Amino acid sequence: MQRSTHILLALLGAGAFAACREPGTEANILAATNPGTPTQVNASFAQPLRVTTTTELSGCDNSPGPYITISGELAIGGLGSRMTFRNNVKGTHEYSDERQVDVVVVPAGQSITIPKQPSRGGVGGNPFIWIKFENSEGQAVSDEIYLGRCVQGLKGNTSVDFSGLAEALAQVSVADCANSPGPYITLNGNLALKSGVNAKLIFQNNDNPVGGPHEAQADAVVTIRLVPPGQSVRFPKQPVLGGVGGNPWIWFAFLTAQGAQIGEEYLLGRCEQLSKV
């Protein structure tokens, strides 16, 4: 069984990501029940992200220096899920008993570590240095940030909030439908970033700390890949216990970190049917 639903949503940032932009984006939700496999729910949506980097440098006096090492982390705004159990499909009866179970699948602030990455560039001597963050398509996700001059030392940490396109895949396994307070459900999956994150280092011999240099006039530019496209955070298997007894119908929806539903809930099917998948 396959079904696609198109929804428009705006995902609000977690408290730690209050500065994130909150764009709406077209989300595609696909649920599939294939014999012998768990039921899968796949959704694409805007996800709050914060990238923080630390820069260290050496070799300022040596051409073609300086030598810069970048490390840091990419923090994620969080993701949850909701299972809703009803004893009938909406519209078939005037009264419907239901229960809901919310599960946090990716905690707000969970991060991907950016390993130390050396870069080599500069224009010789004692250049002024800026940093700019871009996605893997080369589109800017930050302004140019002035780090300082090489010999005098750099601003240690930089961070920027932005919203990248993420894709979540949840797998749902169901068992023990007939026994109250069942059913017993296992949820696992992963959250992957469709677009990566790059850092662009800009070197210039002239001091222009206000507003940064124009890139076309930069004396040297070095681009470093911080997070490749497809980098993912896996959420481990988690037991979910709920239901309204008997053989309930089960709906699934993704949630923001604040518990707001992302798009419409999706009907996975009836418990007994799903338990045989």
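Which residue in S6 does Ser81 stand opposite? Select Ser81 and look across to S6: the residue facing Ser81 is Val103. That pair is a good place to start the tour, but first a word on what you have on screen.

**Before you click further**

This is a predicted model. Mean pLDDT for the protein is 78, with 78% of the residues at 70 or more. Now select residues 1–36: pLDDT stays under 50 along this stretch, although the model has 105 contacts for it beyond four places in sequence. Where pLDDT is low, the predicted coordinates shouldn't be read in detail. Hide residues 1–36 if you like, and carry on.

**Stop 1: the sheet around S5 and S15**

Go back to Ser81 and colour the strands S6, S5, S15 and S16. In that order they make an open sheet of four strands, with antiparallel pairing. S6 (98–106) and S16 (261–270) are the edge strands; each has a single partner, so one side of each has no neighbour in the sheet. On average, neighbouring strands here are turned by 20° against each other, ignoring direction.

Work across the sheet one pair at a time. S5 (residues 79–86) and S6 run antiparallel and are joined by eight bridges; the Ser81 and Val103 pair is where you came in. On to S15: seven bridges tie S5 to S15, again antiparallel. To see this pairing, select Thr84 and find Trp251 opposite in S15.

Is S15 mostly enclosed or left open by the rest of the structure? Select residues 249–255 and show the surroundings: six of the seven residues of S15 are buried, so the strand is largely enclosed by the rest of the structure.

Next comes S16, joined to S15 by six bridges in an antiparallel run. Pick Trp249 and you'll find its bridge partner, Arg270, in S16. Follow the chain from S15 into S16 and you go round a hairpin with five residues between the two strands. Click on Gly259 in that turn: its phi is positive, about 90°.

**Stop 2: Gln261**

Stay in S16 and select Gln261. This residue is partly exposed, with a relative accessible area of 36%. Leaving out neighbours within four places in sequence, Gln261 is in contact with Arg82, Ala253, Phe254 and Leu255. Arg82 is worth a distance label: the C-alpha atoms of Gln261 and Arg82 are 8.2 Å apart, while 179 residues separate the two along the chain. Also draw a line from the side chain of Gln261 to the backbone oxygen of Gly263; a polar atom of that side chain is 2.8 Å from the oxygen.

**Stop 3: the disulfide**

Which two cysteines form a disulfide? Show Cys177 and Cys271 as sticks: they form the bond, with sulfur atoms 1.9 Å apart. A search of the whole structure turns up one disulfide. Rotate to look at the S-S bond: the angle about it is -85°, making the link left-handed. The two ends lie in distant parts of the chain, 94 residues apart: Cys177 is in the loop between S10 (157–175) and S11 (184–193), and Cys271 is in helix H1 (residues 271–275).

Switch on a surface and try to find the two ends. Cys177 is buried at 3% relative accessible area, and Cys271 is buried too, at 0%.

**Stop 4: along S10 and into the loop**

From Cys177, step back to Asp176, in the loop between S10 and S11. Asp176 is partly exposed, at 36% relative accessible area. Check its backbone: phi is near 60°, a positive value in a residue other than glycine. Most residues other than glycine have a negative phi.

Now move into S10 and select Asp161. Its relative accessibility is 15%, which counts as buried. Add Arg50 to the selection: a polar contact of 2.6 Å joins the two side chains, Asp161 to Arg50.

**Stop 5: the sheet around S12**

Last, colour S9, S8, S12 and S13. These four strands form an open sheet in that order, with antiparallel pairing. At the edges are S9 (145–149) and S13 (220–227), each with a single partner strand, so one side of each lacks a neighbour in the sheet. The average twist from one strand to the next is 25°.

Zoom in on S12 (residues 197–204) and S13, which run antiparallel with seven bridges between them. For a final click, select Ala199; its bridge partner in S13 is Ile224.

Notes:
Residues are numbered from 1 along each chain as its sequence is written. This is a predicted model: local features need pLDDT of at least 70, side-chain atom pairs count only at pLDDT 80 or more; totals for chains, interfaces and linings use all residues. Side-chain values use heavy atoms; hydrogens and water are left out. pLDDT is the predictor's confidence in each residue, from 0 to 100. Contact means heavy atoms within 4.5 Å. Two strands pair if DSSP finds at least two bridges between them. Axes are lines fitted to C-alpha atoms, for helices over the stretch in contact, and angles run from 0 to 180 degrees between N-to-C directions. A disulfide is a pair of cysteine sulfur atoms within 2.5 Å. Buried means under 20% relative accessible area, exposed over 50%, partly exposed in between (1.4 Å probe, protein chains only). A polar contact is a pair of N or O atoms within 3.5 Å; within protein, one must be able to donate a hydrogen and the other to accept it, and residues adjacent in sequence count only if both atoms are side-chain atoms.
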